[in-house]
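This report describes a single protein chain and proceeds from one annotated region to strand pairing, helix packing, cysteines and salt bridges. The sequence and the model are shown first.

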Amino acid sequence: MLSSKQITPVASGSGCDTYAWLCQRAWVEIDLAALSHNVRQLVSLLSSQTQLMAVVKADAYGHGAVSVAKTALESGASWLGVATVPEGIQLREAGIKAPILILGAIQTPEQIQAIAQWKLQPTLCSPKQALVFSNTLEAIQHSSPLPVHIKLDTGMSRLGTNWQQTGEFVRLVKSLPHLSIASVYSHLATADDPDTTVMKEQHRRFEEAIAQIKAMGIEPPCLHLANSAATLADSSLHYNIVRVGLAVYGLYPSEHLQNTINLQPVLQVKARVTQVKTISAGTGISYGHQFIAPHELRIAVVGIGYADGVPRHLSNNMQVLIRGQRIPQIGTITMDQLMVDVSTIPDIQEGEVVTLLGQQGKEKISANDWAKKLDTISWEILCGFKHRLPRVSMT
Ligand SMILES: *Cc1c(COP(=O)(O)O)cnc(C)c1O
């Protein structure tokens, strides 16, 4: 009933999934075949020296971490990246064996113990953290050395040790028992900018850091620097691993990178018409009456709102797709519902499917379209759908 394709629940989290068959007002559709296609396209860009890390933090940017991780690994990715320890444990509990890098900072002995127990791989951002790791692993008498990833700040001014101190940092970590350096990495601040000046400077600093390691007579371990934008923009930034999030989900990090590989959006957001009515000229619609009907209108109520991930700032400034037509949204978007002007489809029926993000026939609305209207980025739009809606897989 949900669509012509068969729909099955793929992930839990909202409590809705267990009762997905009762949650018919709105849902997120995940196209794992598109995800697999995107991963294969990305792998085709890489030389045999470079592995693909699928970044699945924030519940795979709202797509469902476990099913995305499994599909990405089956399609050619060999690493997974998460932000937090619980995100890593969730993947291990689902039986995933691939190496998992935690991109965020780790502070407490409890986190370190969990990392060791679940065979996750942490990022080390400072000499102080390296000492906490070493002491904690000593205290729990951890037997084999824990693989750790050294994070350098080459210009993002977020996590990491200043690149000019790479030599000292690497020497310290090498001297500590219980730790083994699995990689040295950094993160780019402006890779999606057509102006590559800052990115090139970060690249130069990363190379300088590698030179410091070599000068100490240490063979540089696995190296990585690129996110989605850098992976698409410049193969000289690929090194041994590329850490790709957004492109795995089928979105381009920037318009100027659209002619690189073919990516297909994985996520669609759909809802149903729950009531249809005719209102007379001059009638106000929704909270605050921010929209007044200029003439008689046929309107439909749609069962999705800002608590589901439709930004309230899009009120009176978005369209939806119904029967392959673009239909304007009118009035303030409410927590669980919004209204649309269906005067061009007077025979519309309650229960009909409305596409908010996705494709109907030739018409398409993407997370990028919303991001532009809101002066934000598509990453934030996708992450907005990770809480409430049941997620269903198109098979
Ligand atoms: C989130 C993240 C990525 C992935 O970024 P995309 O732009 O989505 O490809 C890569 N590396 C680090 C350190 C990250 O935090």
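## The annotated C-terminal span

In this predicted model, the C-alpha atoms at the two ends of residues 266-394 lie 10 Å apart, and the span between them is 11% helix and 40% strand. According to the UniProt record, an unreviewed entry, residues 266-394 carry the annotation "domain: Alanine racemase C-terminal".

## The chain as a whole

The secondary structure of the protein amounts to eleven helices and 21 strands, and its C-alpha trace spans about 80 × 45 × 40 Å along the principal axes. Of its 395 residues, 53% count as buried. Among the contacts between residues at least 6 apart in sequence, 68% join residues at least 24 apart.

## Strand E18 and its partners

Strand E18, which comprises residues 338-341, pairs with strand E15 (residues 297-302) in the antiparallel sense over four bridges, and isoleucine 299 stands opposite aspartate 341 of E18. Strand E17 (residues 325-330) also runs antiparallel to E18, to which two bridges join it; here glutamine 329 stands opposite valine 340.

How do the side chains of E18 point, and are they buried or exposed? Leu338 and Val340 point one way from the strand, Met339 and Asp341 point the other way, and all of these residues are buried. This arrangement may be read against a general rule, namely that side chains in a regular strand alternate between the two faces of the sheet.

## Helix H7 and its surroundings

Helix H7 covers residues 166-175, and its buried residues are Thr166, Gly167, Phe169, Val170 and Val173. Because these residues cover an arc of only 165° around the axis, they lie on the same side of H7. The face turned away from that buried side carries the exposed residues Glu168, Arg171 and Ser175.

The elements against which the buried residues of H7 pack include both strands and helices. The strands are E6 (123-124), E7 (146-153), E8 (161-162) and E9 (179-186), while the helices are H6 (127-139) and H8 (197-215).

## Cysteines without a bond

Why does cysteine 125 form no bond with the closest cysteine sulfur? The sulfur of cysteine 125 is 17 Å from that of cysteine 222, its closest cysteine sulfur, and this is too far for a bond, given that a disulfide requires sulfur atoms within 2.5 Å. Seen from the other side, the closest cysteine sulfur to that of cysteine 222 is the sulfur of cysteine 125, again at 17 Å. The structure accordingly holds zero disulfides. As for their surroundings, cysteine 125 counts as buried at 6% relative accessibility, whereas cysteine 222 is partly exposed, with a relative accessible area of 21%.

## Salt bridges

The structure holds twelve salt bridges, and the table lists some of them with their N to O distances.

| Basic residue | Acidic residue | N to O distance |
|---|---|---|
| Arginine 204 | Glutamate 201 | 3.0 Å |
| Arginine 388 | Aspartate 308 | 3.2 Å |
| Arginine 323 | Aspartate 347 | 2.9 Å |

Arginine 204 and glutamate 201 are three residues apart in helix H8, so they are separated by about one helical turn. Arginine 204 is partly exposed, with a relative accessible area of 40%, and glutamate 201 is likewise partly exposed, at 29%.

The side chains of aspartate 308 and arginine 388 also meet in a salt bridge. Aspartate 308 lies in the loop between E15 and strand E16 (319-322), and arginine 388 lies in the loop between helix H11 (378-383) and strand E21 (391-394), so the pair ties together parts that are 80 residues apart in sequence. Aspartate 308 is buried, with a relative accessible area of 1%, whereas arginine 388 is partly exposed at 31%.

The salt bridge between arginine 323 and aspartate 347 links distant parts of the chain, 24 residues apart, with arginine 323 in the loop between E16 and E17 and aspartate 347 in the loop between E18 and strand E19 (353-360). Arginine 323 has a relative accessible area of 42% and is partly exposed, and aspartate 347 also counts as partly exposed, at 45% relative accessibility. Finally, salt bridges that share partners join Arg25, Asp308, Asp336 and Arg388 into one network.

Methods. Residues numbered from 1 in each chain as written. Predicted model: local features only at pLDDT ≥ 70, side-chain atom pairs only at ≥ 80, totals over all residues. Heavy atoms only, no water. Buried < 20%, exposed > 50% of the residue type's maximum accessible area, 1.4 Å probe, protein only. Pairing = 2+ DSSP bridges. Arc of directions from axis to C-beta. Contact = heavy atoms within 4.5 Å. UniProt positions renumbered as here; feature names shortened; annotations may be inferred. Salt bridge = Lys/Arg side-chain N within 4 Å of Asp/Glu carboxyl O.
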